[in-house]
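Visitor: I am new to this structure. Please pick one place in it for a close look, and then carry on from there to the surroundings of the ligand and to a pocket.

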Amino acid sequence: MKLETFLRMTKTPYMNDHSGQMSKKGKTPWIEFNDIQVADSQFCIDFIKKKRGMDLNTALSVEQRSIARAFLKLIEENFYWTMCIELFCNKENIPLLKRSAPLKGPGFWLYYWFVRRAIQSATWGHGIGRHSVEEVWCIAQSDIEALSNFLGDKKYFMGDDPSEIDCSLFGMLTFLLVSMQGTRYEAFTKEHHPNLVSYFQRMKVTYWPDWDTLTTSSDKFTNDHGKLYFTENIPE
Ligand SMILES: N[C@@H](CCC(=O)N[C@@H](CS)C(=O)NCC(=O)O)C(=O)O
């Protein structure tokens, strides 16, 4: 979501591949430009910025860039893991996972065991996975509060105009408000931090006018496989 929102924001034509193939680093997302492969959403963004000679952060002061960088890390290196832990390590969310898992029936339990183990191992190394699920929930609430307080009533995270951090924030809010529907994470955000919800809706309408088509026409997204996006519907 982060990378694709960036592509749309910068009107960069792109083609999706939802085959699920991981990058050489074993992660997703990654891009291929001619014969060059770039892995990691931020490296992809930096690569495209350089190739196209563009920067969404030019209007930001040095101080604002530092703040954006700090929030980027809060979103991607901290808050992201709280959501992974809540989804896969809080048994209350098993019904939600069952509805969205790629494998149904007995295959679900294999999927669940595999992903849960991967998350437990990754977060143990990170450190956050050494806390209880309830402690992680407290950390998440502080992150959501910090994001909401900094956003305030601004249109975009850093002010009146969009900048790079909006791609990451929107991506992670999609995880929070769409993929985690029905969880306490979503409920808490809706009840206590509605400005994040309005922001999410604003970003969605602006950069994803085709949201409904994309999310309702196929649960495997195979429909847009191989389709070239020119993103001409996106406003300046
Ligand atoms: N910092 C990386 C994070 C990528 C990442 O963690 N991707 C997850 C999916 S959202 C993944 O590939 N997980 C598979 C794994 O860790 O084995 C980025 O922004 O690209």
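Guide: Asn90 is a buried residue, because its relative accessibility is 11% and the cut-off for buried is under 20%. This is a predicted model. In it, Asn90 sits in the loop that runs between H3 and helix H4 (94-100). The side chain of Asn90 makes a polar contact with the side chain of Glu86, at 2.9 Å. Glu86 belongs to the stretch that the model assigns to helix H3 (62-89).

Staying with helix H3, we come to Gln64, which is also part of that helix. Gln64 has a relative accessible area of 26%, so it counts as partly exposed. Its C-alpha atom is 10.0 Å from the C-alpha atom of Gly159, although the two residues are 95 residues apart along the chain.

Helix H3 also leads to a pocket. The second largest pocket takes 4 residues of its lining from H3, the largest share. Helix H2 (41-52) and helix H7 (164-179) likewise supply at least two residues each. Among the lining residues are Lys2, Gln42, Asp46, Arg65, Ala68, Arg69, Leu72 and Glu164. Sorted by class, this lining holds 6 charged, 3 nonpolar and 2 polar residues. The volume of the second largest pocket is about 190 Å³.

Next comes the ligand. Around it stand Met22, Gly26, Lys27, Thr28, Pro29, Asp40, Ser41 and Tyr80. By class, this shell has 2 charged, 3 polar and 3 nonpolar residues.

Some of these residues can be placed atom by atom. In Lys27, a polar side-chain atom is 3.0 Å from an oxygen atom of the ligand. Thr28 has a backbone N or O atom 2.8 Å from a ligand nitrogen atom. In Asp40, an N or O atom of the side chain is 3.1 Å from a nitrogen atom of the ligand. On its own the ligand has 510 Å² of accessible area, and the protein covers 60% of that.

Two of the residues around the ligand, Thr28 and Pro29, are joined by a cis peptide bond with omega at about 10°. Most peptide bonds are trans. Pro29 lies in the loop between strand S1 (14-15) and strand S2 (30-33).

What is the sign of phi in Asp40? Its phi is positive, near 95°, in a residue other than glycine. Most residues other than glycine have a negative phi. Asp40 is placed in the loop between S3 and H2. With the protein chains alone as cover, Asp40 counts as partly exposed, because its relative accessibility is 38%.

Asn34 is another residue other than glycine with a positive phi, here near 50°. The loop that holds Asn34 lies between S2 and strand S3 (36-39). Is Asn34 buried or exposed? Asn34 counts as exposed, because its relative accessibility is 64% and the cut-off for exposed is over 50%.

To return to the starting point, Asn90 is buried at 11% relative accessibility, whereas Asn34 is exposed at 64%. Each of the two is a loop residue: Asn90 follows the route from H3 to H4, and Asn34 the route from S2 to S3.

Definitions and conventions: Residues are numbered from 1 along each chain as its sequence is written. This is a predicted model: local features need pLDDT of at least 70, side-chain atom pairs count only at pLDDT 80 or more; totals for chains, interfaces and linings use all residues. Side-chain values use heavy atoms; hydrogens and water are left out. A residue is near a molecule or strand if one of its heavy atoms lies within 4 Å of it. A polar contact is a pair of N or O atoms within 3.5 Å; within protein, one must be able to donate a hydrogen and the other to accept it, and residues adjacent in sequence count only if both atoms are side-chain atoms. Accessible areas come from the Shrake-Rupley method with a 1.4 Å probe; for residues, only the protein chains shown count as cover. Ala, Val, Leu, Ile, Met, Phe, Trp, Tyr, Cys and Pro count as nonpolar, Asp, Glu, Lys and Arg as charged, and the others, Gly among them, as polar. On a 1 Å grid over the protein atoms alone, a cavity is a set of points where a 1.4 Å probe fits but cannot get out, and a pocket is an open set with protein on both sides within 12 Å along at least five of seven lines; lining residues have an atom within 4 Å of a point. Grid points are joined across faces, edges and corners, and a volume is the space filled by probe spheres set on the points. Buried means under 20% relative accessible area, exposed over 50%, partly exposed in between (1.4 Å probe, protein chains only).
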